[in-house]
Amino acid sequence: MLRYKIMLNPNSLLQLDFTNIWHPFTQMKEWMNSEQIIIERGQGNYLIDVKGRKYLDGVSSLWVNIHGHNHPYINKAICKQLKKIAHSTFLGLTNVPAIQLTGLLMEIIPRNLTRVFYSDNGSTSVEIALKIAYQYWQQHPETRERKRRKFISFTNAYHGDTIGSVSVGGIDLFHGIYEPLLFDTIKIQYPYPLQQNLTQKQSEESSLKQLEKCLETESQTIAGLIIEPLMQGASGMLNTSAQFLQKVRQLTKKHGVLMIVDEVATGFGRTGSMFAVEKADIEPDILCVAKGITGGYLPLAATFTTENIFSHFLGEFNEYKTFYHGHSYTGNSLACAAAIANLELFKKEKVLEKLQEKIYYLIQGLKEIEKLPQVAEVRQEGFMVGIELCKDRSKKICYKPEQRAGFKVTQAAVKKGVFLRPLGDVVVLMPPLSISRKQLNLLLDVTKQCIIEVTRDL
Ligand code: PMP
């Protein structure tokens with residue numbers, strides 16, 4: 001018999017959270033000893049807690065939300081699907097919403113990508129991409145090509161938290177401890193001009209030179225290269241030019257290395273176009289998406305490949321060329337119904353068209369923040385923004401990690417009704433694409449105020 005009765009009282013709820021829950025990317029000792037917000041509802045671009053307090057969702061609930069919370073159109077689509085079926089397995093069966101969603105996705109992804117493999121989060125979409133790339137070469141008719149086993153990734157990269165995606169990651173704080181468990185990857189310096197003391201152009205050229213040299217000597221052993229296109233997210237929002245991405249595409253093509261683009265963060269309008277690769281006009285061999293695919297409503301991810309890659313997995317049963325990978329919730333009907341509604345909303349509400357003006361407005365607002373002496377640099381690509389804090393810009397003095405400048409700024413913003421999350425000393429702004437001008441003003445004003453107030457005491 002169940003001993004536990006569903007609680008409603010905020011204090012009892014929090015007590016139970018403190019007693020039994022382990023939160024992601026969270027020092028739980030700190031969590032359990034401070035006041036926490038319990039979200040009960042969402043409305044538009046706001047989160048609402050159990051005490052009725054409202055918070056502007058300044059990071060789209062970790063970069064997933066697109067059209068706002070509690071959107072009647074997505075709600076209706078999920079409810080309609082729920083009356084039919086919530087889930088049926090994708091192993092040995094297919095389902096209506098997954099097929100319909102595929103039709104819509106094929107209209108918007110780069111045209112050379114014709115096959116989709118569904119999963120349920122960004123990390124698994126990357127894991128799948130890596131396994132497909134590896135297996136593709138193992139099943140290649142030329143025995144010489146089967147030596148291609150290694151991956152190239154970039155310093156500071158973040159592709160998720162499963163062991164495969166951590167292997168191609170490059171953030172020491174998150175990934176360093178797992179080193180003995182990871183497979184070997186070749187790391188190319190990702191352009192970070194501020195840290196390298198170079199211009200953007202110099203920094204990109206230096207990375208490209210390193211990549212070119214590596215490909216010239218080792219390409220016969222390399223299965224694929226993985227990159228976050230245009231904007232590295234979790235490293236603190238580090239952007240590159242479209243030309244950089246084009247050059248990476250040219251080099252990988254020249255040396256026969258598969259190019260995997262991880263659009264988990266950048267996909268679905270975040271950079272101002274549906275996918276970041278469009279801005280560079282490139283066609284990758286494999287493309288990963290998750291986060292915004294359902295508008296931020298339900299977990300769903302997809303890995304797209306070319307027909308050529310797919311064809312290497314075809315054969316007789318006893319050739320064992322099958323891709324032996326799958327998850328219980330692959331192709332989930334509810335999630336696919338939400339994703340269909342998400343894509344329909346993009347069209348119906350002319351989201352990308354309207355976004356361009358908002359991006360321009362955001363750029364203007366960021367100029368004020370950029371002027372602050374406590375800001376080392378503002379990096380922005382569409383609706384993805386990183387504000388890197390520093391103690392003294394003129395003397396290039398950074399804060400010490402234990403001063404937790406970024407964390408304190410975002411905590412102060414939460415007190416003013418704007419929910420933000422930092423990445424080290426980088427304050428991230430990534431609002432839902434549905435944010436209004438008035439709400440953008442609030443986001444920018446509160447961010448500026450909090451940077452000024454918090455850094456005064458540091
Ligand atoms: N790739 C990128 C570029 C990401 O930003 C993230 C998550 N922030 C992931 C992969 C992992 O996605 P998930 O958290 O859904 O596993």
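In the predicted model, Leu208 is in contact with Phe244, Lys247, Val248 and Leu251, when its neighbours within four places in sequence are left aside. Leu208 belongs to helix 10. With a relative accessible area of 14%, Leu208 is buried, because values under 20% fall in that class. A residue elsewhere in the chain gives a sense of scale: Gln403 is 195 residues from Leu208 along the chain, and the C-alpha atoms of the two are separated by 35 Å.

The contacts of Leu208 form part of the packing of two helices. Two packed helices are described by the angle between their axes and the distance between the axes. For helix 10 (residues 200-218) and helix 11 (residues 242-254), the axes come within 11 Å and cross at roughly 5 degrees. Helix 10 is therefore roughly parallel to helix 11, since angles under 35 degrees are placed in that category. On the side of helix 10, the contact is made by Glu204, Ser207, Leu208, Leu211, Glu212 and Leu215. Helix 11 contributes Phe244, Lys247, Val248, Leu251 and Thr252. By character, the residues of this contact comprise six nonpolar, two polar and three charged.

Helix 11 also takes part in a salt bridge. The side chains of Arg249 and Asp285 meet at 3.0 Å, N to O. This pair links distant parts of the chain, 36 residues apart: Arg249 lies in helix 11, whereas Asp285 lies in the loop between helix 12 (276-280) and strand 11 (286-289). Both partners are charged, yet Arg249 is buried at 7% relative accessibility, and Asp285 is likewise buried at 15%.

In total, 19 salt bridges are counted in the model. One of them joins the side chains of Glu307 and Arg115, with an N to O distance of 3.1 Å. Here too the pair links distant parts of the chain, with Glu307 in helix 13 (residues 307-311) and Arg115 in strand 4 (residues 113-119), 192 residues apart. Glu307 is partly exposed, with a relative accessible area of 34%. Arg115 is also partly exposed, at 34% relative accessibility.

A further salt bridge brings together the side chains of Arg53 and Asp49, at 2.7 Å from N to O. In this pair Arg53 is partly exposed, with a relative accessible area of 37%, whereas Asp49 is buried, with a value of 1%. Salt bridges also link several residues in a network, made up of Glu142, Arg144, Glu145 and Arg148.

Another acidic residue, Asp57, is found in strand 3 (residues 54-57). Asp57 has a relative accessibility of 0% and therefore counts as buried. Its contacts, with neighbours within four places in sequence left aside, are Asn45, Tyr46, Leu47, His69, Phe419, Pro431 and Pro432. Leu429 is 372 residues from Asp57 in sequence, but the C-alpha atoms of the two are 9.5 Å apart in space. The distances for Asp57 and for Leu208 illustrate that separation along the chain and separation in space are two distinct descriptions: 372 residues and 9.5 Å for Asp57 and Leu429, and 195 residues and 35 Å for Leu208 and Gln403.

Buried nonpolar residues were also grouped into cores. The largest nonpolar core has 95 residues, and those with the most contacts inside it are Phe268 and Ile387. A second, separate core contains 22 residues, including Leu130, Ile132, Ala301 and Phe323.

Finally, two residues stand out by their backbone angles. Asn197 has a phi near 60 degrees, a positive value in a residue other than glycine. Asn197 is placed in the loop between helix 9 (193-196) and helix 10. At 57% relative accessibility, Asn197 counts as exposed, because the exposed class covers values over 50%. Lys350, which is not a glycine either, has a positive phi of about 45 degrees. Lys350 is likewise located in a loop, in this case between helix 14 (333-348) and helix 15 (351-370). With a relative accessibility of 47%, Lys350 counts as partly exposed.

Note on methods. Residues numbered from 1 in each chain as written. Predicted model: local features only at pLDDT ≥ 70, side-chain atom pairs only at ≥ 80, totals over all residues. Heavy atoms only, no water. Axes fitted to C-alpha atoms, helices over the stretch in contact; angles between N-to-C directions. Helix = DSSP H or I, 4+ residues; strand = E, 2+ residues; numbered from the N terminus. Parallel < 35°, antiparallel > 145°, perpendicular 65-115°, else oblique. Contact = heavy atoms within 4.5 Å. Nonpolar A, V, L, I, M, F, W, Y, C, P; charged D, E, K, R; others polar. Salt bridge = Lys/Arg side-chain N within 4 Å of Asp/Glu carboxyl O. Buried < 20%, exposed > 50% of the residue type's maximum accessible area, 1.4 Å probe, protein only. Core = buried A, V, L, I, M, F, W, Y, C linked by side-chain atoms within 4.5 Å.
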